[in-house]
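Please walk me through the internal space and the helix packing of the structure shown here. Running paragraphs are enough.

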Amino acid sequence: MSTKNVERMDDWIRKDFKQINTALEELYFAQEDPSQVGGVGNAYKEQLLNEGNCRVSALLREGNTDEGFDNGFDLLGNVGLFMAACRRHELTNPANEKRSPLVDASALAMQLGASLGVTPRFASAHLETHNMAKNGFYKTFTNLPDEQRFIDYNTRGVFAFIRASEALLHALPLGISHPITYDLLMVAKQALEDVVENNQQLFDELDVARFFHSVRPYYKPYRVGLHEYRGANAGDFAGINVIDLLLGLCRADDPYYSQLLVDKFLFMRPDDQLTLRDCMRRKSLMDCFLKSLSKGEEQSGWYQKNLAVFVQVCEAHGQTAIQHHELLIRRFIEAPAATSNATEKEDLTASGPPLPVLLKGLKKLCDLRSAADVEGIPTRFGDLTRLRESLVRV
């Protein structure tokens, strides 16, 4: 059972907290330059700070956070949402501070994060896969329709990636020649096609200006104690990387990709961390097909049937990466940043670095996932081409 102080914090996050943030967003958005938040809505900001600190301080004094992992993780999310909102409204700014001015919130977040084995800030799971709805409403920063739309579609996309990853995980111990592997690959293919369809609906319905000015800023980096933590990312779950590794499109021994995994581990729940670590040592399905090809098994019926759908799964995964880069990144971040003359701002991105640096890294990841033919990047273009050429043309 949760304590009264935990319940008070959760109730505030679900009600008054959202109302305060929504009121501030409406004030910002009504300005000629919505990115200017300094000196705007000071009474609301003071209310946010005072009410949040009061509830956090009561939780810290109580010292009772041993309510099981799920309750602790949920509480960490609530504290993190408060800290992220303070960052969004410039009540804190890591560029101007050596330590977080939210002393009690930092102490509680670090205690919870260390005991749970996760980063001591809110992660994407707090708004997506582990965001308990009450009376039909889950936790959000604001009441803005575009924020709910963004979280709804992101959550659907995450669960579709998870369905694909679980199908591939089940296929691995069966082997590429097993007849049921075909069924599992078809499940993965359908799930990835669902991601593409889901994302297209999101891109069609999401308002660019509202996302850029009223949703994205809540995902900025902020300090917890002395340390600055990058913002939450929708990709902070194991499923998408499990797909990368088991298909063989990305490899754990690639320094660029392994660094990406190291950087995201603590932003995932511990069960996700274990799954991903296990996948890092597995042989990929692509390497298994290449080995069969080298043994002259390409004329086998199972090879032709299972490889054909495996290639389609790789193509579908690549399509999700290209779609994300070409539509979401370019349309909803790169283009409005250029319009707002904010491209070089250091606090523009959730990851922390300036936008041009982030875009370069994201393009490389997109090239790996889509097996693009790019000089200087170790994609599986050549290997996937060999496998395609081994298929019998009907």
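A cavity, in the sense used here, is a set of grid points where a 1.4 Å probe fits but cannot get out, and its lining residues are those with an atom within 4 Å of a point. The model is a predicted one.

By this rule, 2 cavities of 30 Å³ or more are counted. The largest cavity holds about 50 Å³ of space. Its lining is made up of Phe73, Leu76, Val118, Thr119, Arg121, Ala123, Ala125, His126, Leu266, Phe267, Met268 and Arg269. Two or more of the lining residues come from each of α4 (69-88) and α6 (124-127). By residue class, the lining of the largest cavity has 8 nonpolar, 2 polar and 2 charged residues.

The helix pairs come next. Two packed helices are described by the angle between their axes and the distance between the axes.

Helix α10 takes part in two of the packings treated here, with α11 and with α12. Helix α10 covers residues 238-247 and helix α11 residues 255-264; their axes lie 12 Å apart at an angle of about 155°. Angles over 145 degrees count as roughly antiparallel, and α10 and α11 are therefore roughly antiparallel to each other. The crossing of α10 past α11 is left-handed. On the α10 side, the contact is made by Ile240, Asn241, Asp244 and Leu245, and on the α11 side by Tyr257, Leu260, Leu261 and Lys264. These residues divide into 5 nonpolar, 1 polar and 2 charged.

With helix α12 (residues 270-279), α10 packs at an angle of about 10°, and the axes are 10 Å apart. The cut-off for roughly parallel is an angle under 35 degrees, so α10 is roughly parallel to α12. Here Ala238, Asn241, Val242, Leu245 and Leu246 of α10 meet Asp272, Thr275, Leu276 and Cys279 of α12. The contact of α10 with α12 has 6 nonpolar residues, 2 polar and 1 charged. Asn241 and Leu245 of α10 are listed both in the contact with α11 and in the contact with α12.

Which helices cross at roughly 90°? They are helix α7 (residues 145-174) and helix α9 (residues 208-215), whose axes come within 9 Å. That angle makes α7 roughly perpendicular to α9. Asp146, Glu147 and Phe150 of α7 meet Arg210, Phe211 and Val215 of α9. This contact of α7 with α9 divides into 3 nonpolar and 3 charged residues, with no polar ones.

How values were computed: Residues numbered from 1 in each chain as written. Predicted model: local features only at pLDDT ≥ 70, side-chain atom pairs only at ≥ 80, totals over all residues. Heavy atoms only, no water. Axes fitted to C-alpha atoms, helices over the stretch in contact; angles between N-to-C directions. Helix = DSSP H or I, 4+ residues; strand = E, 2+ residues; numbered from the N terminus. Parallel < 35°, antiparallel > 145°, perpendicular 65-115°, else oblique. Left-handed = near helix turned anticlockwise from the far one by under 90°. Contact = heavy atoms within 4.5 Å. Nonpolar A, V, L, I, M, F, W, Y, C, P; charged D, E, K, R; others polar. 1 Å grid on protein atoms, 1.4 Å probe; cavity = no way out; pocket = protein on both sides within 12 Å on 5 of 7 lines; lining within 4 Å. Points joined across faces, edges and corners; volume = space filled by probe spheres on them.
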